[in-house]
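Work through the exercises below with the structure open. Each task is followed by a stepwise solution.

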Amino acid sequence: MWSLSSFIIPFVIIGTIVLSSVVIASAATAKDSGKVKVDVRSGPTKCKKKDKIQVDTLVGIHYRATVDKSSKAGEKGRQLDSSYDKGYAQEILVGRGKVIKGLDIGLIGLCVDAKATLIIPPHLAYGDQGNPPHLPGGVTLKYEVEILTVKPAPPPPPESEFAKIDFNKDGKISVEEAEDYFDQKEQPINIDKLWKDEDKDKDGFISWDEFTGPKGDRPPPQPIKKEPQQAEVSAATIFKDLDIDSDGKLTRKELNALFVEIGQELTDKFWDDSDLDKDGFVSWAEFIGSKDDSNSSEKDEL
């Protein structure tokens with residue numbers, strides 16, 4: 001069944017304002033949470049632990065952020081951002097510094113389905129420095145929030161010790177990499193025993209599959225290997241493009257076209273250095289810098 005909470009998306013920077021202070025007002029209950037004023041306007045004020053915002057919970061909320069009327073800076077009442085206007089809610093991790101401090105403080109203890117208003121003073125929002133060019137320093141923020149969902153944060157991805165040791169990121173650990181790693185940690189290690197236990201195929205390296213320590217749930221991405229003939233293929237393409245009459249050799253006029261294209265001048269010295277056999281042409285072998293150009297037609301063919 002579709003519900004409003006189905007449209008919650010992960011926490012992001014919204015426009016120019018970080019969704020870090022969310023609040024909603026309620027005349028029913030008011031509290032002062034570390035100088036963040038929290039008014040619950042409607043909805044439950046007491047709930048089971050599983051429905052209450054705590055540190056390390058993912059909270060799905062709708063919000064509207066404005067400059068509070070009590071603010072000494074900024075345009076009072078100016079709307080900064082609104083999930084209602086965007087048409088979708090946000091999901092944020094509370095209590096771990098992922099949002100502004102005032103929001104981390106003020107959301108704690110609110111229940112699912114509550115609507116509240118948080119008044120966040122400058123030192124718990126963007127401070128004296130503000131959020132230029134969108135907000136000056138010293139702004140007091142007002143967040144009107146609606147708590148849609150509360151759920152435990154997912155566990156962090158498993159740490160990969162393999163990735164830390166594999167310094168050159170080639171997908172395998174060398175003896176040198178292991179020694180450097182454990183030296184930096186000032187941790188004594190018997191490298192010979194480690195290799196005897198871990199290097200199953202005895203190729204001198206420990207692969208991701210062989211590694212028995214913490215390594216995450218998938219191998220690290222491998223670097224992209226360049227095609228071995230890439231540079232020469234590129235030179236052949238340039239030579240063919242310059243060889244207008246397709247006779248397998250370049251005249252000075254044809255070679256000069258390359259220099260014109262890059263905004264330079266073909267000098268006599270460059271031509272003399274390129275035309276090694278002094279026949280008035282630059283062959284393919286001469287073009288790529290071969291020092292053994294015997295003038296044979298076979299050698300000049302691409």
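**Exercise 1. Place Lys 278, then examine its backbone and its exposure.**

Step 1. Lys 278 sits in the loop between helix H8 (268-274) and strand E14 (282-283). The model is a predicted one.

Step 2. Check the backbone. Lys 278 is not a glycine, yet its phi is positive, about 55°. Most residues other than glycine have a negative phi.

Step 3. Classify the exposure. The relative accessibility of Lys 278 is 52%. Exposed means over 50%, so Lys 278 counts as exposed.

**Exercise 2. Repeat the analysis for Asp 56.**

Step 1. Locate the residue. Asp 56 belongs to the loop between strand E5 (36-42) and E6.

Step 2. Read phi. For Asp 56 the angle is near 70°, a positive value in a residue other than glycine.

Step 3. Assign the class. The relative accessible area of Asp 56 is 31%. The partly exposed class lies between the 20% and 50% limits, so Asp 56 is partly exposed.

**Exercise 3. Find which strands pair with E10, and decide how covered E10 is.**

Step 1. Take strand E6 (residues 57-67). Eleven bridges join E6 to E10, and the two run antiparallel. One register point is Ile 61, whose bridge partner in E10 is Ile 147.

Step 2. Take strand E9 (residues 115-120). Six bridges link E9 to E10, again in an antiparallel arrangement. Here Ala 116 stands opposite Val 145 of E10.

Step 3. Judge the cover. E10 spans residues 141-152, and nine of its twelve residues are buried. The strand is mostly covered.

Step 4. Inspect the loop between E9 and E10. Pro 133 lies in this loop. The peptide bond from Pro 132 to Pro 133 is cis, with omega near 0°. Most peptide bonds are trans.

**Exercise 4. Describe the surroundings of Ala 65.**

Step 1. Place the residue. Ala 65 is part of strand E6.

Step 2. Classify it. Buried means under 20%; Ala 65 has 1% relative accessibility and therefore counts as buried.

Step 3. List the contacts, leaving aside neighbours within four places in sequence. Ala 65 touches Arg 78, Gln 79, Leu 80 and Asp 81, and also Lys 142 and Tyr 143.

Step 4. Add a distance. Ser 83 is 18 residues from Ala 65 along the chain, and their C-alpha atoms are separated by 9.1 Å.

**Exercise 5. Characterise the packing of H4 against H5.**

Step 1. Identify the pair. Helix H4 covers residues 175-184 and helix H5 covers residues 191-198. Their axes come within 11 Å and cross at roughly 125°.

Step 2. Name the arrangement. The angle is outside the perpendicular range of 65 to 115 and not over 145, so H4 and H5 are oblique to each other.

Step 3. Give the hand. H4 passes H5 in a right-handed crossing.

Step 4. Assign the contact residues. H4 contributes Val 175, Ala 178, Glu 179 and Phe 182, while H5 contributes Ile 191, Leu 194 and Trp 195.

**Exercise 6. Summarise the whole chain.**

Step 1. Count the elements. The protein chain has ten helices and 14 strands.

Step 2. State the burial. Of its 302 residues, 38% are buried.

Step 3. Assess the contacts. Among those with a separation of 6 or more, 61% come from residues 24 or more positions apart.

Step 4. Give the surface. The accessible surface is about 18400 Å², and 54% of it belongs to carbon and sulfur atoms.

Notes:
Residues numbered from 1 in each chain as written. Predicted model: local features only at pLDDT ≥ 70, side-chain atom pairs only at ≥ 80, totals over all residues. Heavy atoms only, no water. Helix = DSSP H or I, 4+ residues; strand = E, 2+ residues; numbered from the N terminus. Buried < 20%, exposed > 50% of the residue type's maximum accessible area, 1.4 Å probe, protein only. Contact = heavy atoms within 4.5 Å. Areas by Shrake-Rupley, 256 points an atom, 1.4 Å probe, with all protein chains shown as cover. Pairing = 2+ DSSP bridges. Axes fitted to C-alpha atoms, helices over the stretch in contact; angles between N-to-C directions. Parallel < 35°, antiparallel > 145°, perpendicular 65-115°, else oblique. Left-handed = near helix turned anticlockwise from the far one by under 90°.
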